[in-house]
Amino acid sequence: MLKIETIQDQRLSNWVDGAWREPASKRWIPSFNPFTGQPWYSIADSDTQDVQFAIDAAARASALWREVHAIERGGMLRRLGQLIADNAEALAQLEVHDNGKLLREMRAQIGVLAEQFDYFAGAADKMEGSTIPINRRDVLAYTVREALGVVGIITPWNSPLYQLSWTLGPALAMGNTVVVKPSEHTSASALAIGELVAQAGIPAGVYNVVTGLGATTGDALTRDPRIAKIAFTGSTATGRKVAHNAADHFAQCNLELGGKSPNCVFDDAPFERAVNGVVAGIFAAGGQTCVAGSRIYVQKGILSRFVDALTARAAAIRLGDPRAEETQMGPVAVHDQLHKIGRMVKAARQQGAQVLHGGKQPGAELAQGWFYEPTLLTGLSQDAEIVQEEVFGPVGVVMPFEDEGELIALANDTRYGLTAGVWTQDLDRAMQFAKRVEAGTIWVNTYRAASFTTPMGGFKESGYGKHYGLESMREYSRVKSVMVDYSRTTPDAFVMRVRESI
Ligand code: TXE
């Protein structure tokens with residue numbers, strides 16, 4: 001399997017039909033290590049021909065893979081999970097070099113990914129259909145769930161393996177084949193999985209990776225009529241383009257897009273837990289997560305005490321080498337993203353934001369990497385850009401609220417609807433929040449809790465479709481109804497009537 005030592009300064013080709021394939025385009029794109037700010041390997045800049053070549057392979061393999069018995073498919077996926085566990089350290093190192101995630105966070109995450117493949121392996125042979133009573137003797141009506149065909153997977157740079165796996169598990173378990181277009185900033189781990197897929201005994205062509213830019217490689221993937229479904233994780237703006245392209249050939253979409261999630265603290269919240277939850281909500285992974293709790297609403301009775309505690313915690317966060325055990329926050333994964341954060345904070349300042357902590361890049365010893373300080377702002381109105389738009393960096397905005405009614409209106413005052421958190425000891429209040437806030441996941445006295453057994457996915461402009469759980473097995477399958485007439489008589493009056501009406 002690819003390892004950091006073997007890919008350093010190398011050109012990585014596409015992984016198609018079970019082997020490395022040089023791109024027909026003959027073009028390459030450098031990929032950067034955000035901690036050093038230096039390029040460290042190149043990926044193929046695939047053109048339409050390269051994408052079509054991968055889809056050809058996936059379409060051919062589709063006919064075979066859907067016929068492999070679900071129990072056998074499950075067995076192969078279980079082996080893939082085991083191989084991921086066996087190679088956890090190498091995969092973790094790849095991700096850390098590619099996007100600056102903390103090494104210890106990646107080690108934990110990859111352990112969970114292995115379990116996740118095991119879960120979907122187990123689900124492969126459990127997607128039962130139903131038998132349906134109908135108004136006719138000796139006719140059996142039943143449903144089966146079958147594979148969709150070729151699924152296109154487009155992933156972003158913030159959690160590349162994680163966001164690949166939440167589609168890959170259910171898509172393969174249901175008998176689909178895939179063509180993956182990882183982010184041009186972080187393609188190594190998706191390519192590395194190619195070799196593990198082969199080692200797991202999964203046939204060539206079931207898993208394919210074409211790398212390249214979104215506007216060319218990604219666009220070509222979403223336009224191909226042989227793609228039955230696109231699973232896209234990324235920005236809302238790109239998600240809209242993907243959905244338009246998919247509509248042209250009636251492909252389904254699963255869109256996991258941006259967020260501007262509210263994390264809301266009532267006066268009666270368990271104080272320390274709420275402080276921890278709010279800090280982790282916005283600063284985990286340097287705020288580069290779709291579920292970041294970037295709007296922090298605090299009830300007026302505890303506002304100043306809570307803000308003091310939060311500011312002290314933000315100030316204590318240790319930035320540094322993502323590989324070091326003591327580091328609590330690594331660099332921003334993508335250089336343009338660093339500029340975006342700086343620009344949005346500057347605009348917020350011009351709109352009157354008070355900076356409680358951070359608000360700039362750190363100096364001296366971290367200057368070579370793409371770092372931004374953990375930042376807390378306050379004093380902004382609800383319509384400020386930074387309150388309404390996703391920063392995708394370590395920037396939280398603290399805002400006061402009076403009562404439950406006002407809070408729910410503020411929490412819902414956003415075009416996004418991915419997640420929301422509430423901290424209170426009042427059960428009725430928590431349940432009202434869960435009922436009235438428009439978000440795909442609600443967290444009560446916790447934040448960021450996620451499990452591959454529980455469906456996750458946004459509302460509103462955060463997208464549609466679900467990851468995780470049996471819900472995601474349904475997401476990558478279609479229902480077929482079958483009616484079998486086993487009567488020995490000529491069609492009765494009922495059937496004739498129905499036939500005439502069709
Ligand atoms: O995302 P894009 P980017 C948000 C976040 C960030 C912003 C931009 O706010 O600042 O998006 O990040 C591919 N057709 N999120 O530019 O452009 C692209 O190559 C088909 C939130 O990285 O959405 C990459 O593989 N594909 C998000 C993927 O889409 C296209 C995570 C995501 O890229 C394409 C990431 C096109 N026309 C960013 N254009 C989250 N909420 O998790 C691009 N791509």
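**Pockets and the domain interface**

Because domain 1 (4–256 + 462–480) and domain 2 (262–444) both give residues to the lining of the largest pocket, this pocket lies between them. The structure is a predicted model, and the domain assignment of the chain gives domain 1 (4–256 + 462–480) and domain 2 (262–444). About 1,200 Å³ of space lies in the largest pocket, which is lined by 46 residues, the closest to its centre being Trp157, Glu184, Gly234, Ser235 and Thr238. At least two residues of this lining are supplied by each of strand 4 (28–33), helix 8 (214–223), strand 11 (227–233), helix 9 (236–248) and helix 12 (335–350), and it is helix 9 that gives the most, with six residues. In chemical character, the lining of the largest pocket divides into 17 nonpolar, 18 polar and eleven charged residues.

The second largest pocket holds about 820 Å³ of space. Its lining is made up of 34 residues, of which Glu105, Ala284, Ala285, Thr289 and Arg448 are the closest to the centre of the pocket. Two or more residues of the lining come from each of helix 5 (103–123), helix 6 (160–173), helix 10 (271–283) and helix 11 (303–316), with helix 5 providing the largest share, six residues. For the second largest pocket, the lining residues divide into 20 nonpolar, nine polar and five charged. At least three residues of this lining are drawn from each of domain 1 and domain 2.

Enclosed space was examined in addition to the open pockets. The count comes to three cavities of 30 Å³ or more, and the largest cavity has a volume of about 120 Å³. Among the 17 residues that line the largest cavity, Gly100, Lys101, Ala285, Gly286 and Gln288 are the closest to its centre, and the lining as a whole divides into eight nonpolar, seven polar and two charged residues. Domain 1 and domain 2 each contribute at least three residues to the lining of the largest cavity. Ala285 is named among the residues closest to the centre of the second largest pocket and also among those closest to the centre of the largest cavity.

The interface between the domains was then considered directly. The C-alpha centres of domain 1 and domain 2 lie 31 Å apart, and 23 residues of domain 1 are in contact with 28 residues of domain 2. The area buried between the two domains is about 2,100 Å², of which 60% is given by carbon and sulfur atoms. On the side of domain 1, Phe35, Trp157 and Ser462 lose the most area to domain 2, together accounting for 32% of what that side buries. Trp157 thus appears both in this group and among the residues closest to the centre of the largest pocket.

Side chains of opposite charge can pair when their charged atoms come close. The count for the model comes to 26 salt bridges, whereas the count between domain 1 and domain 2 is zero. One salt bridge is formed by Arg60 with Asp17, whose closest N and O atoms are 3.1 Å apart. Arg60 lies in helix 2 (residues 48–65) and Asp17 in the loop between strand 2 (14–16) and strand 3 (19–21), so the pair ties together parts that are 43 residues apart in sequence.

Note on methods:
Residues numbered from 1 in each chain as written. Predicted model: local features only at pLDDT ≥ 70, side-chain atom pairs only at ≥ 80, totals over all residues. Heavy atoms only, no water. 1 Å grid on protein atoms, 1.4 Å probe; cavity = no way out; pocket = protein on both sides within 12 Å on 5 of 7 lines; lining within 4 Å. Points joined across faces, edges and corners; volume = space filled by probe spheres on them. Helix = DSSP H or I, 4+ residues; strand = E, 2+ residues; numbered from the N terminus. Nonpolar A, V, L, I, M, F, W, Y, C, P; charged D, E, K, R; others polar. Domains from an automatic or database assignment. Contact = heavy atoms within 4.5 Å. Buried area = accessible area lost by both parts, 1.4 Å probe. Salt bridge = Lys/Arg side-chain N within 4 Å of Asp/Glu carboxyl O.
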